[in-house]
Amino acid sequence: MDMTLNYTGGMQFIAKTGNHEITIDLPPTYNGQDTGPAPGDLFAAALGSCVGMYTLMYLKGQSLPTEGLRIDVDWEEKSSPARIDSLHVNISLPDGITPEQARKALKFAEACKIHNTLIHKPEVCVSIAEKPEACLP
């Protein structure tokens, strides 16, 4: 998998992956123009959408109602070091879902790739293009 982010001026980047583009920017309080979500917002959206997709797959796979499915994500940030310190994802299931089905939907949602990535910390390496060997073992 890969994605390229190109700087386009101000505090804005355009991320390209496959046939898709995402504008990323900062709010005016950080010298941006607010033309797209900030990186932290995309991070939370990645988790929320992953949980949502896995929940949706469970509901559809069981021929259960999907109308009204909603995912809310709240997060707390810390500044030293700068990071998202905690995330809370709340799944609002459609009407008519039994407690047993809700339990199974939650188990399914917790199996999403982004949730698993956060639970099982990935190896991350940031390098300068001229020295990519910095990420080699």
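## Briefing: pockets, sheet and salt bridges

The second largest pocket of this structure has a volume of about 380 Å³. Of the 13 residues that line this second largest pocket, Pro 39, Gly 40, Glu 77, Arg 83 and Ile 84 are the closest to its centre. Please keep in mind that you are looking at a predicted model. Below you will find the pockets, then an open sheet of 3 strands, then the 5 salt bridges that a search of the whole structure finds, and lastly a look at Leu 106 in helix 2.

**The second largest pocket**

- Helix 1, strand 4 (70–79) and strand 5 (82–92) are the elements that give two or more residues to the lining of the second largest pocket.
- By class, the lining of the second largest pocket divides into 8 nonpolar, 1 polar and 4 charged residues.
- Arg 83, one of the residues closest to the centre of this pocket, also forms a salt bridge with Asp 85, where the closest N and O atoms are 3.3 Å apart.
- Is Arg 83 buried or exposed, or something in between? Arg 83 counts as partly exposed because its relative accessibility is 35%, and the limits for that class are 20% and 50%.
- Its salt-bridge partner, Asp 85, is partly exposed as well, with a relative accessible area of 38%.

**The largest pocket**

- The largest pocket holds about 680 Å³ of space.
- Its lining is made of 16 residues, and those nearest the centre are Met 3, Leu 42, Phe 43, Ala 46 and Ile 114.
- Strand 2, strand 3, helix 1 (39–61) and helix 3 (113–119) each give two or more residues to the lining of the largest pocket.
- Which element gives the most to this lining? That is helix 1, with 5 residues.
- The lining of the largest pocket has 13 nonpolar, 2 polar and 1 charged residues.
- Helix 1 therefore deserves a look in both places, as an element that gives two or more residues to the lining of the largest pocket and of the second largest pocket.

**The three-stranded sheet**

- The open sheet is built from 3 strands in the order 1-2-3, with antiparallel pairing.
- Why does one side of strand 1 (4–9) and of strand 3 (20–24) have no neighbour in the sheet? Both strands stand at the edges and have a single partner strand each, so one side of each is left free of a neighbour there.
- On average, neighbouring strands of this sheet are turned by 25° against each other, with direction ignored.
- Strand 1 pairs with strand 2 (residues 12–17) in the antiparallel sense over 5 bridges.
- Among the bridge partners, Tyr 7 is matched with Phe 13 in strand 2, and Leu 5 is matched with Ala 15 in strand 2.
- The hairpin of strand 1 and strand 2 has 2 residues between the strands, and Gly 10 in this hairpin takes a positive phi near 60°.
- Strand 2 and strand 3 are also paired in the antiparallel sense, over 5 bridges.
- These two strands form a hairpin with 2 residues between them, and Gly 18 in the turn has a positive phi of about 55°.

**Salt bridges**

- Side chains of opposite charge can pair when their charged atoms come close.
- Lys 16 stands opposite Glu 21 in strand 3, and a salt bridge links Glu 21 with Lys 16, the closest N and O atoms being 3.5 Å apart.
- Glu 21 is exposed, with a relative accessible area of 55%, whereas Lys 16 counts as partly exposed at 40% relative accessibility.
- Glu 100 forms a salt bridge with Lys 104, the closest N and O atoms being 3.8 Å apart.
- Both Glu 100 and Lys 104 lie in helix 2, 4 residues apart, which is about one turn of the helix.
- Glu 100 counts as partly exposed at 40% relative accessibility, and Lys 104 is partly exposed with a relative accessible area of 39%.
- Salt bridges that share partners join Glu 100, Arg 103 and Lys 104 into one network.

**Leu 106**

- Leu 106 is found in helix 2 (residues 99–109).
- With 43% relative accessibility, Leu 106 counts as partly exposed.
- Leu 106 and Asn 90 are 16 residues apart in sequence, and their C-alpha atoms are 9.9 Å apart in space.

Notes:
Residues are numbered from 1 along each chain as its sequence is written. This is a predicted model: local features need pLDDT of at least 70, side-chain atom pairs count only at pLDDT 80 or more; totals for chains, interfaces and linings use all residues. Side-chain values use heavy atoms; hydrogens and water are left out. Buried means under 20% relative accessible area, exposed over 50%, partly exposed in between (1.4 Å probe, protein chains only). Two strands pair if DSSP finds at least two bridges between them. Axes are lines fitted to C-alpha atoms, for helices over the stretch in contact, and angles run from 0 to 180 degrees between N-to-C directions. On a 1 Å grid over the protein atoms alone, a cavity is a set of points where a 1.4 Å probe fits but cannot get out, and a pocket is an open set with protein on both sides within 12 Å along at least five of seven lines; lining residues have an atom within 4 Å of a point. Grid points are joined across faces, edges and corners, and a volume is the space filled by probe spheres set on the points. Ala, Val, Leu, Ile, Met, Phe, Trp, Tyr, Cys and Pro count as nonpolar, Asp, Glu, Lys and Arg as charged, and the others, Gly among them, as polar. A salt bridge is a side-chain nitrogen of Lys or Arg within 4 Å of a carboxyl oxygen of Asp or Glu.
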